[in-house]
Amino acid sequence: MSYLVFFSMTPIGTGSGVSRHVAKVVKVVERSRLPWQLGPMGTTFEAPTLKRAFAVLSACDRALAGLPRVSTLIKIDRRAGKGGRIRSKVESVRSKL
């Protein structure tokens, strides 16, 4: 089983620049040792189980615990079979360009 997780955590009320807060979240994802990719509007990672995916998301939320408000968007794609989809999906599209 493979879970592709796209998420975005947006601090609210902290000013227009949020990159320092995003960096805290990305460090959590990086430490998870799961495959991941940073994008301009969010981060995607691949987890072998839903439990592991939510553990990473929970740790990301804790990394921003000191902020008064955070808006979180989460999109999860579950698919049976092997992992490696975080790269193969992008490579599939690029091969067709």
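Here are some notes on this predicted model, taking the sheet, then helix α1, then the core.

1. **The sheet.** Start with the four strands, which make an open sheet ordered β2-β3-β1-β4, with antiparallel pairing. The edge positions go to β2 (36–38) and β4 (70–79); each has a single partner strand, so one side of each is left without a neighbour in the sheet. On average, neighbouring strands here are turned by 15° against each other, ignoring direction.

2. **The β2 edge.** If you zoom in on β2, you'll find it paired with β3 (residues 43–47) through three bridges, in the antiparallel sense. To get your bearings, look for Q37, which sits opposite T44 in β3.

3. **What lies across the sheet.** Helix α3 (residues 85–95) lies across β1 (2–11), β2, β3 and β4. Relative to β1, α3 runs at about 90°.

4. **The length of α1.** A quick check on α1 (19–31): does the helix come out at the span expected, or not? With 13 residues at 1.5 Å a residue, α1 should span 18 Å, and its end C-alpha atoms are 18 Å apart, so the two agree.

5. **Two sides of α1.** Which residues of α1 are buried? They are H21, V25, V26, V28 and V29. These buried residues cover an arc of only 150° around the axis, which means they are on the same side of α1. As background, an α-helix has 3.6 residues a turn, so residues three or four places apart point the same way. Turn to the other side of α1 and you meet S19, R20 and R31, which are exposed.

6. **What α1 packs against.** The buried residues of α1 pack against β1, β2, β3 and α2. V25 is a good one to click on: leaving out residues up to four places away in sequence, V25 touches F7, M9, C60 and L64.

7. **The core.** The largest nonpolar core has 15 residues. Within that core, F7, M9, V25, V29, F45, V56 and C60 touch the most other members. The elements giving two or more residues to the core are β1, α1, β3 and α2 (50–63). Of these, α2 gives the most, with four residues. V25 and V29 therefore turn up twice in these notes, as buried residues of α1 and among the core members with the most contacts to other members.

8. **Just after α1.** One backbone detail to finish: R33 follows α1, and its phi is positive, near 65°.

Note on methods: Residues are numbered from 1 along each chain as its sequence is written. This is a predicted model: local features need pLDDT of at least 70, side-chain atom pairs count only at pLDDT 80 or more; totals for chains, interfaces and linings use all residues. Side-chain values use heavy atoms; hydrogens and water are left out. Two strands pair if DSSP finds at least two bridges between them. Axes are lines fitted to C-alpha atoms, for helices over the stretch in contact, and angles run from 0 to 180 degrees between N-to-C directions. Contact means heavy atoms within 4.5 Å. A nonpolar core is a set of buried Ala, Val, Leu, Ile, Met, Phe, Trp, Tyr and Cys residues joined through side-chain atoms within 4.5 Å. Buried means under 20% relative accessible area, exposed over 50%, partly exposed in between (1.4 Å probe, protein chains only). The expected span of a helix is 1.5 Å times one less than its number of residues. The arc is that of the directions from the helix axis to the C-beta atoms.
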